[in-house]
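Trainee: I would like to go through this structure step by step, beginning with the fold of one chain and then turning to how the chains meet.

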Number of protein chains: 2
Amino acid sequence: MSIHEYIKKYVDEDFDITEELPVPVREGKFPKGSILTEYGEIERRAFFLRKGIVEISVSNGEKESIMDFIFPDFFFASYTSFLTGEPSDRRLECLTDCTADVMMKEDILKAYQHSLLINKLGRCVSESLYMRRSLREKEFLIADAEQRYAKLVLSRPELIDAVPLYKIANYLGIHPESLSRIRRKIAS
Amino acid sequence: MSIHEYIKKYVDEDFDITEELPVPVREGKFPKGSILTEYGEIERRAFFLRKGIVEISVSNGEKESIMDFIFPDFFFASYTSFLTGEPSDRRLECLTDCTADVMMKEDILKAYQHSLLINKLGRCVSESLYMRRSLREKEFLIADAEQRYAKLVLSRPELIDAVPLYKIANYLGIHPESLSRIRRKIAS
């Protein structure tokens, strides 16, 4: 999906997909292992993933935890840093070779001043990022690890093949051994 | 703070606060204990809190957990239900007598079609709700209960006087006895 198709599908069904966007977009190719945004860096870009998987980790300097795996057709960034201008408490890393559309924050902020379309897009993206974080918080509060794993497998079966198990365990907030136990239990 | 003042401060500094909003707003007064949105209800309103404290809980039918306490000058709703039209998995309850500005979802959606201002407002509110959820998720992942409590006291000292300790313990995801222990440790 292109950003144009995303807008037509999720933001404004009347959008003409041959129209030029009021924000310049360039394509970026990032080999596996690339760090898109490092801890401490100030986020100056927003990405729309076209191909690959990106991991978002958070750290307090001592403990590191995986917050999210990003799949194609999703907007992402170290978004709190993008919004506040403060150094990123997250790291964005390509788990596979990735292709992404890249927009610069300064171009987006300029467009936010006058463009109805880009404000609609920014609103819809923020709404969907809110729902994603809110759902995960809820699951941590009221679902156990087995339920969280089952949900993950149902919603993102490709994750299990693409991402090492110790990373999935970290994402679920459990020990790798606990994940192995859960997987055996579900398989039997 | 009024919605007009909020817009001028956080959304658009050029906003003329004598201007009429493109969305009708009515004031609501809700006595202590009122349920603004119940589990299973479809959220049709957005609120801007003028006075009081609102508690947002989440439940899976078995376990209930407090996700947030809302203080004045904040927009809130059962926001995922508001966005998706699905039944709310949250309950919004007034912990004190509350006054809130209330906007209807249908009026907001209409304004989203054409109003630059209301899209900017919706974007800014969604961004701030995203950051709030994202910060709390991060704290659950990488901070312990004592650090989370210390942060809460620093950022919202009035919470400690206004909300019973068992609710604060629930919000922090710990037993009330653990919270008492943490409080004694910090006090000594």
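**Fold and interface**

Mentor: In this predicted model, residues 24 or more positions apart make up 69% of the contacts in chain A that have a separation of 6 or more.

Trainee: What radius of gyration does chain A have, and what would a compact globule have?

Mentor: The C-alpha trace of chain A spans about 55 × 35 × 30 Å along its principal axes, and 53% of its 188 residues count as buried. A compact globule with 188 residues would have a radius of gyration near 16 Å, and the value for chain A agrees with this, being 18 Å.

Trainee: Which element of chain A gives the most to the side that touches chain B?

Mentor: The secondary structure of chain A comes to eight helices and eight strands, and 34 residues of chain A are in contact with 34 residues of chain B. Across this interface the rule finds 16 residue pairs in polar contact, both residues at pLDDT 80 or more. Strands E4 and E5 and helices H2, H3 and H4 of chain A each supply at least two residues of the side that touches chain B. With 18 residues, the element that gives the most to that side is H4(A).

Trainee: How many salt bridges are counted between chain A and chain B?

Mentor: The two chains bury about 3400 Å² between them, with 63% of it on carbon and sulfur atoms. Charged side chains also meet here, since a salt bridge needs a nitrogen within 4 Å of a carboxyl oxygen, and A:Asp89 and B:Lys138 form one at 2.8 Å, N to O. Between chain A and chain B, the count of salt bridges is six.

Methods. Residues are numbered from 1 along each chain as its sequence is written. Chains are lettered from A and ligands numbered from 1 in the order in which they are written. This is a predicted model: local features need pLDDT of at least 70, side-chain atom pairs count only at pLDDT 80 or more; totals for chains, interfaces and linings use all residues. Side-chain values use heavy atoms; hydrogens and water are left out. Contact means heavy atoms within 4.5 Å. Buried area is the accessible area (1.4 Å probe) that two parts lose on being put together, summed over both. A polar contact is a pair of N or O atoms within 3.5 Å; within protein, one must be able to donate a hydrogen and the other to accept it, and residues adjacent in sequence count only if both atoms are side-chain atoms. Helices (H or I, at least four residues) and strands (E, at least two) are DSSP runs, numbered from the N terminus. The radius of gyration is taken over C-alpha atoms; the globule rule is 2.2 Å times the number of residues to the power 0.38. Buried means under 20% relative accessible area, exposed over 50%, partly exposed in between (1.4 Å probe, protein chains only).
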